[in-house]
Amino acid sequence: MPSDERSEKQAAAQQAVDILHEISTILNCHLDRRSLSICISMIENGVNPEALATAVKELRGEVQQTQIEATSSANAPAPRRR
Amino acid sequence: MAYLADLAALTDQLIAAIASSESVPKPRGTRLEARRESALRTLRYHTFGRTNQFEVEDHLNGYEERFRVIGRDVLADEFRSRLDALEPLRNKWSPEVLHFILELADQPAQKSDLAD
C-alpha cells in the first residue's frame, strides 16, 4: 500500500536523522536535533554544505553578540537623575 | 522563485532554532531581516566546491583513528557503530550532510563527552 510505503520511508528518514544527530554530537558540532533537521532539509534543497556551515557559524556569532549586548545592557548602571 | 521562497523560509526556521538553542529571544523586524539577508547571501553567493564523497569517508575514518590513537576507544567504537547503522539508511544526500557535520566538528578528540 502506498501509505504504508510512505510511513516506512518516513520512519527510515527519522532514524537517519537520529543517527546523524548522534554523529554530530560525537563530533561536538553543537547542533540540536531541530537545527540539524532544518539543515538537512536545506541540503536536500540544493544548498552547498560548506556554505551552510559557514552561515551557521556566522549566525552563532551574531547570536552570541546579541547575548553579550543584552547582558552588558542589563548589567549597566541606570543613568542618574538630578 | 519557489526555491528562493523555500530557502528563505528554512533560513528563518534555522535562525529561530539557533537563537532558541542559545536562549536568545527570536529576532524580529529589521534584525531578523538583516540576519536572513546575510545568511542568504552566504548560501547563494559562495565559491565552495562540490562535496567529494571519498574525502568525506577519509575524514570520518580519520576521526575514528584519531580517537583510537589518543586512547578514546569507547568513543571510537560508538562513532563506528553510528556510521555502520547509517549505512543502510544512506541516500544521495548523505555525503553532503556528513560533509556539513564535518565542517562544524569542534575538536571532538579533546572535547567530546559520551555523557552528552
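Start by colouring chain B by pLDDT. This is a predicted model, and the mean pLDDT of chain B is 89. In chain B, 91% of residues reach 70 or more. Where pLDDT is low, the predicted coordinates should not be read in detail. For the model as a whole, the scores are ipTM 0.88 and pTM 0.87.

**Stop 1: the domains of chain B**

Select residues 2-44 of chain B; this is domain 1. Then select 53-111, which is domain 2. Taken over C-alpha atoms, the centres of domain 1 and domain 2 of chain B are 28 Å apart.

**Stop 2: α3 against α5 in chain B**

Select residues 53-69 of helix α3(B) and residues 94-104 of helix α5(B). Their axes come within 10 Å and cross at roughly 45 degrees. That angle makes α3(B) oblique to α5(B), because it falls neither under 35 degrees nor in the range 65 to 115. The crossing of these two helices, α3(B) and α5(B), is left-handed.

Now show side chains. On α3(B), pick B:Gln53, B:Val56, B:His59 and B:Leu60. They meet B:Pro95, B:Leu98, B:His99 and B:Leu102 on α5(B). By class, this contact of α3(B) with α5(B) has five nonpolar residues, three polar and no charged.

**Stop 3: the side of chain A that touches chain B**

Bring both chains into view. Here 44 residues of chain A are in contact with 44 residues of chain B. On the chain A side, select α1 (2-26), α2 (33-44) and α3 (49-75); each supplies at least two residues that touch chain B. The largest share comes from α3(A), with 16 residues. What is the side of chain A that touches chain B made of, by class? It has 23 nonpolar, 13 polar and eight charged residues.

**Stop 4: α2 of chain A on α5 of chain B**

Keep α5(B) selected and add α2(A). Their axes are 10 Å apart, and the helices pack at an angle of about 130 degrees. That makes α2(A) oblique to α5(B), since only angles over 145 count as roughly antiparallel and 65 to 115 as roughly perpendicular. The crossing of α2(A) with α5(B) is right-handed.

Which residues meet where α2(A) packs on α5(B)? From α2(A), select A:Cys39, A:Ile40 and A:Ile43. From α5(B), select B:Glu96, B:Val97 and B:Phe100. This contact of α2(A) with α5(B) counts five nonpolar residues, no polar and one charged.

**Last view**

Leave α5(B) on screen with both partners. In chain B, α5(B) meets α3(B) through residues including B:Leu98 and B:Leu102. Across the chains, α5(B) meets α2(A) through residues including B:Val97 and B:Phe100.

How values were computed. Residues are numbered from 1 along each chain as its sequence is written. Chains are lettered from A and ligands numbered from 1 in the order in which they are written. This is a predicted model: local features need pLDDT of at least 70, side-chain atom pairs count only at pLDDT 80 or more; totals for chains, interfaces and linings use all residues. Two residues are in contact if their C-beta atoms, placed from the backbone, lie within 7 Å. Helices (H or I, at least four residues) and strands (E, at least two) are DSSP runs, numbered from the N terminus. Ala, Val, Leu, Ile, Met, Phe, Trp, Tyr, Cys and Pro count as nonpolar, Asp, Glu, Lys and Arg as charged, and the others, Gly among them, as polar. Axes are lines fitted to C-alpha atoms, for helices over the stretch in contact, and angles run from 0 to 180 degrees between N-to-C directions. A crossing is left-handed if the near helix is turned anticlockwise from the far one by less than a right angle, and right-handed if clockwise. pLDDT is the predictor's confidence in each residue, from 0 to 100. Domain bounds come from an automatic or database domain assignment.
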